[in-house]
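Work through these exercises with the structure in view. Try each task before reading its solution.

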Amino acid sequence: MAPPCWCQCDAAGRSSNPPHEAGGTAYFSGVSQLGTDALVLHAFDYRETSRIVRLVTRDAGVLSVVARGARRPKNRFGAGLDLFASGQAQVVMHGTRDLHTLHAFDAAHSRPELGTSLDRFAAASALAELCIRFGQESETGLLYERAVEALDAIVASDPLDVHATGLGAAWRVVAELGFAPTLDSCASCHASLPADADVTFHHRAGGALCATCARQARGGRRLPAEARGTLVSWIGRRPAAVDSTAARSHLRLLREFLEEHLGDGRPLRAFVAWEARQLGRRAK
Ligand SMILES: [Zn+2]
């Protein structure tokens with residue numbers, strides 16, 4: 001007797017999915033199964049009994065999946081789909097459709113600490129938003145690892161360093177996505193920039209500009225040498241502390257840089273909330 005089918009068809013092969021052969025990897029052209037490490041970035045209710053979940057996966061970048069029945073009291077996902085949990089996902093991939101089906105999720109690591117501290121939650125939510133908005137552009141397959149690394153760093157961070165930890169992690173995700181800013185040389189003419197020089201950071205140019213190029217470019221923000229050194233440290237995976245005023249300036253710089261690269265006019269809500277939280281702290 002053939003083993004039960006991996007998808008949700010009944011014994012007669014009736015299913016909302018197209019017909020397929022049990023046990024194989026590919027059911028038919030355009031539908032396949034994927035087992036992969038995954039991290040829950042976002043989840044929301046869908047219809048009466050289901051949830052839609054955004055996952056960053058090791059093998060397929062960022063995916064939107066529907067977890068059917070996940071809102072029922074007794075469901076096969078249990079607490080596994082909690083925000084920021086990571087584990088092994090089984091996904092039915094529906095070809096080129098944007099929404100796939102989550103068949104199972106075995107959480108190996110939940111991160112409840114991110115839900116009990118507003119600072120940690122703000123930083124983690126922004127990291128998740130960064131992955132969701134840019135995840136399709138991930139070509140290295142390492143976005144999942146950077147995202148897990150980022151959330152674990154925020155969990156482990158000293159409460160006073162959460163913003164610096166989150167900012168550093170976010171810039172490393174940006175680097176992983178392939179658009180880290182140019183900081184050691186001019187982003188336009190490539191002249192080297194002394195480490196102790198204040199420069200102009202120009203979002204559209206992609207980083208720091210020398211004085212000559214800065215005069216010819218519109219816009220940009222003055223970036224003191226110390227702040228540039230902090231960015232270099234963060235992207236180079238070295239910790240660098242910042243006070244609350246500097247943290248807010250760094251948050252604004254990062255958000256503006258991301259918005260320039262997105263170019264779709266849609267706000268980065270979690271980044272705005274993170275920035276507002278930091279602003280409120282400074283005003284106290
Ligand atoms: Zn230049």
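Helices and strands here are DSSP runs, with at least four residues for a helix and at least two for a strand, numbered from the N terminus. The model is predicted.

**Exercise 1. Take stock of the chain.**
State how many helices and strands the chain has, and what share of its residues is buried.

Solution.
- Start with the secondary structure. It comes to 7 helices and 9 strands.
- Next, burial. A residue is buried if 20 or more other C-beta atoms lie within 10 Å of its own. Of the 284 residues of the chain, 36% count as buried.
- Finally, look at sequence separation. Take the contacts between residues at least 6 apart in sequence. Of these, 55% join residues at least 24 apart.

**Exercise 2. Compare the directions of α1 and α2.**
Decide whether α1 and α2 are roughly parallel or roughly antiparallel, and list the residues that make their contact.

Solution.
- Locate the helices. α1 covers residues 118–134 and α2 covers residues 143–156.
- Read the geometry. The angle is about 175°, and the axes are 10 Å apart.
- Apply the cut-off. Angles over 145 degrees count as roughly antiparallel. Therefore α1 and α2 are roughly antiparallel to each other.
- Name the contact residues. α1 supplies R120, A123, A124, L127 and C131. α2 supplies L143, A147, A150, L151, I154 and V155.
- Sort these residues by type. The contact of α1 with α2 has 10 nonpolar residues, no polar ones and 1 charged.

**Exercise 3. Do the same for α3 and α6.**
Find how α3 and α6 are oriented, and give the hand of their crossing.

Solution.
- Locate the helices. α3 spans residues 162–177, and α6 spans residues 244–262.
- Read the geometry. They pack at about 25°, with axes 10 Å apart.
- Apply the cut-off. Angles under 35 degrees count as roughly parallel. So α3 and α6 are roughly parallel to each other.
- Give the hand. The crossing of α3 and α6 is left-handed.
- Name the contact residues. From α3 come H163, A164, L167, A170 and W171. From α6 come A247, H250, L251 and L254.
- Sort them. The contact of α3 with α6 holds 7 nonpolar residues, 2 polar ones and no charged ones.

**Exercise 4. Follow the partners of β2.**
Count the bridges that join β2 to β5 and those that pair β2 with β3.

Solution.
- Begin with β5, residues 86–94. β2 and β5 run antiparallel, joined by 9 bridges. One bridge partner pair is D37 with Q88 in β5.
- Turn to β3. Its pairing with β2 is also antiparallel, over 8 bridges. Here F44 has I52 of β3 as its bridge partner.

**Exercise 5. Examine the β2–β3 hairpin loop.**
Say which of R47 and T49 is exposed and which is partly exposed.

Solution.
- Place both residues. β2 is 31–46 and β3 is 50–57, with T49 in the loop between them. R47 is found in that loop too. The hairpin has 3 residues between its strands.
- Count neighbours for R47. It has 10 C-beta neighbours inside 10 Å, so R47 counts as exposed.
- Count for T49. With 13 other C-beta atoms within 10 Å, T49 is partly exposed.
- Check the backbone. Most residues other than glycine have a negative phi. R47 has a positive phi of about 55°, although it is not a glycine.
- Look across from T49. A70 is 21 residues away in sequence, yet 6.2 Å away C-alpha to C-alpha. Beyond four places in sequence, T49 contacts G69, R71 and R72.

**Exercise 6. Find another positive phi.**
Where is R237, and is R237 buried or exposed?

Solution.
- R237 lies in the loop between α5 (225–235) and α6.
- R237 has 12 other C-beta atoms within 10 Å, so R237 is exposed.
- Its phi is positive, about 70°, although R237 is not a glycine.

**Exercise 7. Order the open sheet.**
Give the strand order of the open sheet of 3 strands, and name the strands at its edges.

Solution.
- The order is β8-β7-β9, with antiparallel pairing.
- β8 (207–209) and β9 (221–223) stand at the edges. Each has a single partner strand, so one side of each is left without a neighbour in the sheet.
- The twist averages 45° from one strand to the next.
- β7, residues 199–202, is joined to β8 by 3 bridges. F201 stands opposite A208 in β8.

Definitions and conventions:
Residues numbered from 1 in each chain as written. Predicted model: local features only at pLDDT ≥ 70, side-chain atom pairs only at ≥ 80, totals over all residues. Axes fitted to C-alpha atoms, helices over the stretch in contact; angles between N-to-C directions. Parallel < 35°, antiparallel > 145°, perpendicular 65-115°, else oblique. Left-handed = near helix turned anticlockwise from the far one by under 90°. Contact = placed C-beta atoms within 7 Å. Nonpolar A, V, L, I, M, F, W, Y, C, P; charged D, E, K, R; others polar. Pairing = 2+ DSSP bridges.
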